[in-house]
Amino acid sequence: MRQSLVVGNWKMNGTLATNKLLAEGIVAGLNASSESAACAVCVPFVYLPSIGDIVKGSRLGLGAQNIANKASGAFTGEVAASMLVEFGCQYALVGHSERRTYYGDTNQTVAERFCQAQEQGITPILCIGETLAQRENNQTFAVVEEQLDVVIALAGIHAFSKAVIAYEPVWAIGTGKTATDEQAQEVHHHIRSYIAAKDQTIADKIQILYGGSAKPDNAKGLFAMPDIDGGLIGGASLDAESFLQICHSI
Ligand code: PEP
């Protein structure tokens, strides 16, 4: 039985004051109920110390939204895995589609970030998914396979025993257009089968999250699918009540 996981991606939103309130609201809501998936929030780098203090000792985990693909050195603007560990980071998103689209992340640099996270004991959340054009050209499976292949080639399949995958169709992120339960399940099943062909035990164990306009009113249906183990939540994670409802809908 896989443990469910719901991760909020706050992206570049909020202020120190509003983000502290948001974290406090989520922690209070999780404390008030024992029935919930494991939950974490991936916050902007600068807020890691403050949010880290709030989540300490709570059921809310802490993550970053990106991680350097090098260990240290002359890489202006990057934040190393070893630095994130100092602030209690347990998770790091790698290869979010916004990083791939706007900041030039490639399958290779994503694979390097994945390895850097694992070297410091941070669980990488590997984001993969197709664009609308790729879906319309029936390339969805090929795209996610290639995104996985490059990481498997660099890190090895066994590295996936300490990783999370987030399937995020690019056309569904921040658009209000969610994949149907069946569309998402079809790709999740394909991802799990693809990994199973290399290692059945890892495939059975790995958490595969769905991301893309997930909200309180559609999360239940998505999370009921056999290969969907939780969600990566953008917009709806910016409101404590919505995020908690999603965490409780597992
Ligand atoms: C995301 O940023 O990973 C995401 C899924 O965003 P949203 O939920 O807003 O579509």
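Tutor: Start with a cut-off: a residue is exposed when its relative accessible area is over 50%, and buried when that area is under 20%. The model here is predicted.

Student: Why is N138 called exposed?

Tutor: N138 has a relative accessibility of 74%. The cut-off for exposed is over 50%. So N138 counts as exposed.

Student: Where is N138, and what is its phi?

Tutor: N138 sits in the loop between α6 (132–136) and α7. Its phi is near 55 degrees, a positive value in a residue other than glycine.

Student: What is the phi of K11, and where does K11 lie?

Tutor: Phi of K11 is positive, about 50 degrees, and K11 is not a glycine. K11 lies in the loop between β1 and α1 (16–32).

Student: Which residues of α10 are buried?

Tutor: In helix α10 (residues 216–223), they are N218, A219, L222 and F223.

Student: What makes them lie on the same side of α10?

Tutor: The buried residues cover an arc of only 130 degrees around the axis, which puts them on the same side of α10. The face turned away from that buried side carries D217 and K220, both exposed.

Student: What do the buried residues of α10 pack against?

Tutor: Their partners are β1 (5–9), α8 (181–196), β7 (207–211), β8 (230–233) and α11 (240–248).

Student: Which residues have the most contacts inside the largest nonpolar core?

Tutor: I26, I51, F160 and I191, in a core of 70 residues. Take I191. Leaving out residues up to four places away in sequence, I191 touches I128, V144, L148, I165, Y167 and I208. Apart from the largest core lies another, of twelve residues, among them L5, V7, C127 and L232.

Student: How much space lies in the largest pocket, and what lines it?

Tutor: About 490 Å³. There are 19 lining residues, with K11, M12, Q65, R99 and Y103 closest to the centre. Helix α4 (residues 97–102) gives the largest share of that lining, three residues. By class, the lining has ten nonpolar, five polar and four charged residues.

Student: And what of the second largest pocket: which volume, which lining?

Tutor: Its volume is about 200 Å³. It is lined by 17 residues, and R100, G129, Q134, Q147 and V170 lie nearest its centre. α4, β5 (123–128) and α7 (140–155) each supply at least two of the lining residues.

Student: How does that lining divide by class?

Tutor: The lining of the second largest pocket has five nonpolar, nine polar and three charged residues. Gly counts as polar in this scheme, so G129, one of the residues nearest the centre, is on the polar side of that tally.

Key. Residues numbered from 1 in each chain as written. Predicted model: local features only at pLDDT ≥ 70, side-chain atom pairs only at ≥ 80, totals over all residues. Heavy atoms only, no water. Core = buried A, V, L, I, M, F, W, Y, C linked by side-chain atoms within 4.5 Å. Buried < 20%, exposed > 50% of the residue type's maximum accessible area, 1.4 Å probe, protein only. Contact = heavy atoms within 4.5 Å. Helix = DSSP H or I, 4+ residues; strand = E, 2+ residues; numbered from the N terminus. Arc of directions from axis to C-beta. 1 Å grid on protein atoms, 1.4 Å probe; cavity = no way out; pocket = protein on both sides within 12 Å on 5 of 7 lines; lining within 4 Å. Points joined across faces, edges and corners; volume = space filled by probe spheres on them.
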